[in-house]
Amino acid sequence: MNWRAPLLALALIWPATLLPARAGDVATVAAATPAAAAGVPGADSSPAVPAAAVPAAVGPAIATDARLAGDEERTRLVMDLSRPVPFGAFALADPYRVVVDIPDVVFTVPPSAGQQGRGLVSAFRFGLFAPGKARLVIDVTDPVKIDKVFVIDPIDGQPARLVVDLVKTDRVSFMKSVAAPVQRAQAAPVLPAPPVTNNDGRPVIVLDPGHGGIDAGAVNASAGIYEKDVVLSIATLLRKKLDATGRYRVVMTRDGDTFVPLGDRVKVARDQQARLFISLHADSLAARSGQVRGATVYTLSDRASDAEAQRLADAENRADMIAGLDLSDEPTDVAGILLDLAQRETKNFSALFARTLVGKIDDVARMHKSPLKSAGFKVLKAPDVPSVLFELGYLSSEKDVELMTSDAWKEKVTDAMVTAINAYFASQGGSSAPVAMP
Ligand SMILES: [Zn+2]
């Protein structure tokens, strides 16, 4: 690791009066600066910081590096910043995580920086959690106490630093700190979707680029390619083409690099009374699986069609956990509940669109050897909106990566998707809608 010894020494001698209150037995560490209380990113004018050390005096701070130090008893995470930022921190259980919330920060650190753990930290990630809100999620190997979180002003040419000190503790102590009445993770607000004004008769299609912000999705580290970017690029192009037909009203669950919880994606589809929901993803397999290639279309089922589909659904369903949401508040899984009539209808329409999509994509791009599968994807669970999850290919395949990032492939595939969508709606006689839920 590229941890620098002088840095730790500097932090240790930092005057205690300038540190925020110690966490004590409570897992939340209050933010320390006036800007934190106001919650206004960019409004932090309190620290007297030499101008030369502050490239972005106004607007988001810039994070330039992140690294770990320490061992299995005490581990420190340091993030370099262009200027001090306010922060809040708390712990989450099952799996054990520590979450540090900071205001809008631009990360120039590659998302892969946190993939290698050290000491008590198995991995960490960072990114936008909601518009104007960034987050650092630290996966820990054992129950930990958030010993200290503090920010060091820039000094002597060194950047400002956010420092998180974790020490090993036992599960009972950890669970007490988690259960304390502290500020808990809030789900990111649903995108300000336009109010339902679907009175022009055009069917609404919701495009759902997977992941985003702090959740990068699958990663091809050697190529520096992230699933969240690949799928946003395809969704944006597809929206443009669908808009150009004039036949549909298209809504996206995200149109930038921000995180959207799985449940909120489903909610957008339901609130918009969508007639079709298409979630876009790209898969990845472990090393030495580079020869597995091609696109796959998934529909919802309470039983996975095969072990591979189950693995993928498990991976995709982890998005909320990855972003540091508290899953204990989630309603119990609906899998296994008998489908009512409307859901069966929805299921049939989903299957019809999935088959249509596979047929059209097969004409222009390589499909997986068994391209139609099903599993319990949370994002497909709107009971009244036909929904599919389209895995464009494998980020673990160099060939697929080359294709998925090429303009020619994107054009071909989005053209085929428009053709499939047109065929699907034509087969329904234009305006006949699936059974609406009461
Ligand atoms: Zn995905």
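Visitor: Which residues in α10 do Ser233, Ile234, Leu237, Leu238, Lys241, Leu242 and Thr245 in α4 meet?
Guide: The model is predicted. Helix α4 covers residues 227-245 and helix α10 covers residues 407-427. On the α10 side, the residues met are Lys410, Val413, Thr414, Met417, Val418 and Ile421.

Visitor: By class, how many residues in the contact of α4 with α10 are nonpolar?
Guide: The contact of α4 with α10 includes Lys241 and Lys410, as well as Ser233 and Thr414. By class, two of its residues are charged and three are polar. The nonpolar residues number eight.

Visitor: What word describes how α4 lies to α10?
Guide: The axes of α4 and α10 are 9 Å apart, and the helices pack at an angle of about 50°. Angles under 35 degrees count as roughly parallel, and 65 to 115 as roughly perpendicular. The angle of about 50° therefore makes α4, relative to α10, oblique.

Visitor: Is the crossing of α4 and α10 left-handed or right-handed?
Guide: The angle of about 50° between α4 and α10 does not give the hand by itself, because the hand depends on whether the near helix is turned clockwise or anticlockwise from the far one. For α4 and α10 the crossing is right-handed.

Visitor: Which are the edge strands in the order β5-β1-β2-β9-β8?
Guide: This order belongs to an open sheet of five strands with mixed pairing. An edge strand pairs on one side only. The strands that do so are β5 (105-107) and β8 (144-152).

Visitor: Over how many bridges do β2 and β9 pair?
Guide: Strand β2 (residues 74-81) pairs with β1 in the antiparallel sense over seven bridges, and a hairpin of three residues joins β1 to β2. With β9 the sense is also antiparallel, and Leu77 stands opposite Val164 in β9. The number of bridges between β2 and β9 is eight.

Visitor: How many of the eight residues of strand β2 are buried?
Guide: A residue is buried if 20 or more other C-beta atoms lie within 10 Å of its own. Strand β2 is mostly covered, and its buried residues number six.

Visitor: What residue in β9 stands opposite Ile152?
Guide: β8 covers 144-152, and strand β9 covers residues 160-168. These strands pair in the antiparallel sense over eight bridges. Opposite Ile152 stands Arg161.

Visitor: Which residue just after α5 takes a positive phi?
Guide: Helix α5 covers residues 262-271, and its buried residues include Leu262 and Val266. What covers the buried residues of α5 includes β10, β13, β14, α7 and β17. Just after α5, a positive phi of about 50° is taken by Gln273.

Definitions and conventions
Residues are numbered from 1 along each chain as its sequence is written. This is a predicted model: local features need pLDDT of at least 70, side-chain atom pairs count only at pLDDT 80 or more; totals for chains, interfaces and linings use all residues. Axes are lines fitted to C-alpha atoms, for helices over the stretch in contact, and angles run from 0 to 180 degrees between N-to-C directions. Helices (H or I, at least four residues) and strands (E, at least two) are DSSP runs, numbered from the N terminus. Angles under 35 degrees count as roughly parallel, over 145 as roughly antiparallel, 65 to 115 as roughly perpendicular and the rest as oblique. Two residues are in contact if their C-beta atoms, placed from the backbone, lie within 7 Å. Ala, Val, Leu, Ile, Met, Phe, Trp, Tyr, Cys and Pro count as nonpolar, Asp, Glu, Lys and Arg as charged, and the others, Gly among them, as polar. Two strands pair if DSSP finds at least two bridges between them. A residue is buried if 20 or more other C-beta atoms lie within 10 Å of its own, exposed if 12 or fewer, and partly exposed in between; C-beta atoms are placed from the backbone.
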